[in-house]
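User: Please take a close look at how one pair of helices packs in this model. I would like the terms spelled out as you go.

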Amino acid sequence: MRGVIRIAALAGALLILGAAASTVTITLPSDGVEFKLGPGADLATANCRTCHSAAYVYTQPPLNRKQWTAEVVKMQKAYGAPIADSDISAIVDYLLTQNGR
Amino acid sequence: MTLARLDFLVGVASAGAASAASTVTLPFQNGTRPLVAYPQKRPLIVLTPRPPQLETPFAVFNESILTPNDAFYVRWHLAGIPTTVDGATHRINVHGSVKRPMSLSVDDLRTKFAPVEIVAVNQCSGNSRGLFSPRVPGGQWDNGAMGNARWTGARLIDVLSAAGLKDSVVQIRFRGLEQPVLPTTPPFVKALSIGDIDENVLIAYEMNGQPLPLLNGYPVRLVVPGWYATYWMKMLSDIEAIDTIDENFWMKTAYRIPNTPGNTVAPTDTGYPTVPINKLTVRSFITNVTSGQTLHAGPQTIQGIAFDSGKGIKSVEFSSDGGATWRKAKLGTDLGNYSFRPWEIGFTGKPGASYVLACRATTNDGVTQTTVPVWNPGGYLRNVIETYTVRAS
């Protein structure tokens with residue numbers, strides 16, 4: 001329990017209560033989930049963590065090459081991530097080492 | 001420690017009931033998650049920290065019919081979430097094909113439109129995606145990406161009437177304060193067709209009688225009873241009447257379900273038509289038992305919840321033999337057709353016996369849960385009959 005309370009305190013919430021509509025300010029906990037070391041980790045960090053936590057990778061079911069490739073290409077094409085075409089295969093190789101099948 | 005006792009502890013931990021635990025393990029591969037208290041929240045199951053996606057520990061649904069605000073799940077798409085929101089200066093711009101464009105404050109919503117209350121389930125489109133077999137990519141939720149709250153707000157149709165829709169309007173498009181990190185990422189925008197906007201759709205400024213937690217969309221969010229939460233725009237700031245079917249990424253490409261019977265396909269199927277996800281499917285759960293738990297022998301009460309897209313729950317049946325035989329459960333407090341409907345039933349466990357408990361709900365229009373799971377590549381619409389393997393000791 002103590003650990004949980006400490007995290008809550010770190011997260012911090014500043015509420016200026018009173019009127020029906022007032023200012024609410026929160027401090028979000030930091031991401032904290034890092035890509036593990038390995039060939040391609042730097043590429044994954046540079047390309048993926050701009051927009052989202054590495055938890056998006058580690059919480060997936062293990063995916064195969066076709067599936068991870070589809071995910072990376074979706075990030076590039078649909079979500080507009082500036083991933084160089086020449087980096088895609090290295091990023092996919094890394095993702096397969098982290099959570100592949 | 002006896003094996004039975006160990007089983008019980010594992011069951012509690014996996015349900016997230018033990019607030020002392022720093023992690024929980026959901027019942028699928030890569031399912032270990034931290035439990036962290038985010039601002040205005042009790043410890044919730046962290047799917048991803050950035051943007052925050054927080055799952056409600058399932059035991060919460062056994063506490064009360066209404067999900068407490070501090071336990072209500074959180075799901076954002078894009079990491080550009082304002083962490084300071086001024087409810088006094090916030091504006092909702094109503095524009096597009098309207099005769100009288102408006103810029104409404106929250107105070108305007110409270111004072112210029114009749115306040116309306118509705119209890120409604122908010123369920124993430126991807127709720128239970130982690131339970132799909134075969135697994136599919138996407139947010140890997142267990143069953144806790146849902147909640148039931150009493151929402152208070154102005155009717156969307158009243159706001160649209162005040163603005164005066166032109167005859168050409170086909171859809172209403174919604175946007176909130178959530179921003180993409182990169183300018184190249186499609187902003188999160190959702191649209192509803194005019195025919196799907198009834199008197200129950202609200203612009204809500206209260207959730208269970210309180211201001212919404214910031215992470216649930218303070219100061220106002222759209223409430224679309226009976227529809228998946230992707231349409232319930234948080235921090236609603238923009239309402240645009242449009243003359244065509246919206247074709248942005250979040251409507252045309254994402255959040256699509258197969259337009260096939262039962263919205264289900266085989267994993268090998270391709271080329272089938274799709275439509276935007278829309279109404280909730282009927283579901284029911286046992287809330288005071290977790291799979292793998294050891295129950296005490298003797299008479300006890302099994303309790304749970306059921307819900308659907310607003311037809312209302314006609315009946316809930318319970319089985320203790322894996323669905324071979326069913327008994328009708330007693331329905332509890334009725335907070336309206338869009339709410340969780342509690343239910344309970346007596347059960348007597350014999351010492352040393354194993355049981356597969358199950359529940360199935362039937363709606364007022366006769367739709368019943370089945371034993372065949374829906375499968376689609378988005379991991380949407382799970383509503384198979386849930387089973388819980390237990391033994392009595």
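Analyst: H4(A) and H5(A) are oblique to each other, because angles under 35 degrees count as roughly parallel, over 145 as roughly antiparallel, 65 to 115 as roughly perpendicular and the rest as oblique. The model is a predicted one: local features need pLDDT of at least 70 and side-chain atom pairs count only at pLDDT 80 or more, while totals for chains, interfaces and linings use all residues. Residues are numbered from 1 along each chain as its sequence is written, and chains are lettered from A and ligands numbered from 1 in the order in which they are written.

Two packed helices are described by the angle between their axes and the distance between the axes. Here helix H4 (residues 65-77) of chain A meets helix H5 (residues 88-99) of chain A at an angle of about 125°, and their axes are 9 Å apart. Helices are DSSP runs of H or I with at least four residues, numbered from the N terminus. Axes are lines fitted to C-alpha atoms over the stretch in contact, and angles run from 0 to 180 degrees between N-to-C directions.

The crossing of H4(A) and H5(A) is right-handed, that is, the near helix is turned clockwise from the far one by less than a right angle. On the H4(A) side, the contact is made by Arg65(A), Trp68(A), Thr69(A), Val72(A) and Val73(A); H5(A) supplies Ile88(A), Ile91(A), Val92(A), Leu95(A) and Leu96(A). Contact here requires C-beta atoms, placed from the backbone, to lie within 7 Å. By class, eight of these residues are nonpolar, one is polar and one is charged. Ala, Val, Leu, Ile, Met, Phe, Trp, Tyr, Cys and Pro count as nonpolar, Asp, Glu, Lys and Arg as charged, and the others, Gly among them, as polar.

Chain A also touches chain B: 40 residues of chain B are in contact with 41 residues of chain A. The chain B side of that contact divides into 22 nonpolar, 13 polar and five charged residues.

Technical notes:
Helix = DSSP H or I, 4+ residues; strand = E, 2+ residues; numbered from the N terminus. Contact = placed C-beta atoms within 7 Å.
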